[in-house]
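Here's a quick tour of a model, written for someone who likes to know the cut-offs behind the words. Have the viewer open while you read.

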Amino acid sequence: MLHIPLWKRVVIWGLVALGLLYAMPNAFYSRVETHNDALVAIERQGSTPEREAQAAVWPSFLPSSLVNLGLDLRGGAHLMAEVQVADVYKDRMDGYWPEIRDALRAARDQVGTIRRLDGPPGELRIGISNPDGMARALEIVRGLARPVTSLTGVGATDIEVQGQNGQLVVTLSEAERAATDDRTIRQSLEIIRRRVDEVGTREPTIQRQGQDRILIQVPGIGSAEELKQLIGTTAKLTFNGVEGRTTDAQADPGARNLLLPSMDEQGVYYIVQQTPVVSGEDLTDAQPSFDQNGRPAVNFRFDPTGARKFGDYTAANIGSPFAIVLDNEVISAPVIRDHIAGGSGIITGNFTVEQSTQLAVLLRAGALPARMTFLEERTIGPELGQDSIDAGRIASLIAGLAVLVFMWASYGLFGLFANVALLLNVAMLFGLLSMIGATLTLPGIAGIVLTIGMAVDANVLIFERIREEMKTARGPARAIELGYDRALSAIVDANITTFIIATILFTLGSGPVRGFAVTLGLGIITSVFTAIYVTRIIIVTWFERRRPKTIEV
Amino acid sequence: MRLRLVPEQTNIDFFKYRNATLGASVVAMILAVVLWLVMGLNFGIDFKGGTTIRTQSTQAVDVGAYRNALQPLNLGDVLITEVFDPSFGPDQNVAMVRIQAQEGQESVSSDTVASVEQALRALDPNIAFLSVESVGPKVSGELIRTAFLAVAASLAAILIYIWLRFEWQFSVGAVAALFHDVLLTIGIFSLFQIKFDLATIAALLTIIGYSINDTVVIFDRLRENLIKYKQRPLQDVMNLSVNETLSRTLMTSGTTLIALTALLVLGGDVIRGFVFAITWGVVVGTYSSVYVAKNIVLFLGVKRDWTSPGADKGNQFAKTDA
């Protein structure tokens, strides 16, 4: 009657042991964390005796994955950024202009003279002097269109051209916009990742959210403001020729020139050429350093193309100033004294050491393709996180203890069996959470406490059922078996519905709420497993040893 | 000596006060809606946009002085509340400052936050800012939509699951009970003006999950008994099923409430609103599975047999209440 085949026993206890093994590192949290950090450091920066010693504090044959602590427990910063993808359209159209201009010029006898007109951003408007040549002009420009390189945009071309009142209007096509947006977000993600990695913090989360958003969570960072400065700066560096210097903010810079404010000198503006000589893309390295006067500065080096362009320009313009422009502000405008041939240079300005270090980081990581606006910012101080952990730990302990006592008082020996299962359940839950690298949040702790409360439900269902079956069944063995069999459908139905809810929470929730959904959902899995299999195996083993004539549930 | 929440054998007539209990539920639901409409919900920044700053100081919190200090900054609606918690130490004085979303800004600018921090620091040099959270109106609008969607999706999913596993009357009864639980929770949040934020939505969904758990266990027993006692009236079979599962219902509610009470008292103020919602939901949910869900099933079940006799192919409950 009550018989569980050996292989089943082995599998059940094996799973329990596996869960315990994976849960174990969490009991030695700081030690395992030191070990993991040391391993990362060795991989990145090479081995030192100190790091080896740190790595050795936890044996490498044991599992070392931990439950990640969420921002609300560890402290740190959370940002939700929206990438202004439309910024890129303008650059793309500007990039198209020379090509279109040259193509139309070649057909000057048909379309007449051409000039670029002002238009809204992301639109290229071209006036032609001979309205009769419009058809020909459209044909020429359309001929320049390239096929879109994306899966969804097969067959489409990248630009759309229309003729309006004697003007050519060139815009990016729908398919190309989608492809461009996707590329922009992916580039932004990559650059943000590089910038955050440069700071060297532990386990940052950088994820794409929806169409044009990026979620950034960095534990351990002081404030969202700090993070925003690190990733929010576009860091577009250019070197431009200088046309003049003025204090008039309304001054007309003239065609193909820009009026840019100075970063350090209040009220001073520089008129610089719109087309840069070299840009940050040509940089290969940037390092914080000091100039000959001991002030913080940034050393940089160009790649061969950049070095050649920069060398040619400096050779041709000795004695005139050039501007170092960062995000539309002039950092400095030194006068070229000599031909700079080696492809390296130094940026000086009124920097602090922090600023020069950060600028170097930004230049190394590269410029963001588009601006970002921040829709959501959260900073959680580490003290608050620690308070929450402490409170959560005490509450869970008390809650667990109370439930254990309550179960024992209600079901006696069987209650103790359920209690063993409950403890194994919590341990296995932690094991599962570590195994999948889930993040534990404050609501997640509440989820565990709730699981402790509800996990006994399955056992309660079974025990109540056994009590009932005792009244009719022949002998305790039969009652136990019937109890398990007949309670099963209620257990399954009740837990599947809760699991559906956890899934919905996980899909639609974010951050802490998602952490709650994870513990709730995994808690259901482990509690059903322990209630159906583990308590059963305990009870059956006990029954086989003792062979009691009656049982009291 | 065993602890028994209910006697070995109970024979309570749960339909005796059917009109009273159902009436009370309906009145409570109407009251909740009225409260919701009249008093509104105390939306957190998740749903309203804006900034909250949590401060901590060794000096006592003087809400009036805080307000005066922030007055000159012209930030619009500023809400300052002192936070109390048994887990705080003797010189741990915590306050929450909430600033409305600022005109023309997606998320509150760092300048605004800095000026607030500066003003408060001038008042109390020992003040520390434990957390600063800011949500822009664009995101908060979406969060409301997602939250609404989450609750609706959960109810729909349960409606379908119960329908597949049981009968449509059961799923209507279960969802009516869930609706009851959700409304009453919203009502109490409105009555006490407890902060209603994303975590509250998670709590609402948990309540739905817990309450359906309870309801399903009773339904499961009901289905079993309906097959067993083919001749007994539906109402009797229902009473029997609830009585049989009563011990389990109270045991599970008991253990869950014990765990939640520990969390409510000791878990800290950050999640108190969340835990309170779940605790309240467990109480309401237990009540609704016993009183609301099966009343609806009884009502629907009887009515259906009256209108379309013999049309219920494959429905094992069709003839049981004749």
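What follows covers the chain contacts, the strand pairing, two backbone oddities and the domains.

First, the ground rules. This is a predicted model, where local features need pLDDT of at least 70 and side-chain atom pairs count only at pLDDT 80 or more, while totals for chains, interfaces and linings use all residues. Residues are numbered from 1 along each chain as its sequence is written, with chains lettered from A and ligands numbered from 1 in the order in which they are written.

Start with where the chains meet. On chain A, 58 residues are in contact with 58 residues of chain B; contact here needs C-beta atoms, placed from the backbone, within 7 Å. Several elements of chain A supply at least two residues each to that side, among them H9 (224-232), E18 (372-380) and H12 (382-435). H12(A) brings the largest share, with 16 residues. Helices (H or I, at least four residues) and strands (E, at least two) are DSSP runs, numbered from the N terminus. Sorted by class, the chain A side has 36 nonpolar, 12 polar and 10 charged residues. In that scheme, Ala, Val, Leu, Ile, Met, Phe, Trp, Tyr, Cys and Pro are nonpolar, Asp, Glu, Lys and Arg are charged, and the others, Gly among them, are polar.

Now for the strands, which pair if DSSP finds at least two bridges between them. E18(A) pairs across the chains with E5(B), and E2(B) has two partners within chain B, E5(B) and E4(B).

| Strand pair | Sense | Bridges | Residues opposite each other |
|---|---|---|---|
| E18(A) and E5(B) | antiparallel | five | Arg378(A) and Glu133(B) |
| E2(B) and E5(B) | antiparallel | seven | Thr52(B) and Glu133(B) |
| E2(B) and E4(B) | antiparallel | seven | Gln56(B) and Val94(B) |

So is E2(B) buried or exposed? Seven of its eight residues are buried, meaning 20 or more other C-beta atoms within 10 Å of a residue's own (exposed is 12 or fewer, partly exposed is in between, and C-beta atoms are placed from the backbone).

Two non-glycine residues have positive phi. Asn328(A) has a phi near 65 degrees and sits in the loop between E15 and E16 of chain A. It counts as exposed because it has 12 C-beta neighbours inside 10 Å. Gln193(B), at about 50 degrees, is in the loop between H6 and E6 of chain B, and its 11 neighbours make it exposed too.

Finally, chain A is assigned domain 1 (6-27 + 383-546), domain 2 (86-179) and domain 3 (236-348), with bounds from an automatic or database domain assignment. The C-alpha centres of domains 1 and 3 lie 65 Å apart.

Key: Two residues are in contact if their C-beta atoms, placed from the backbone, lie within 7 Å.
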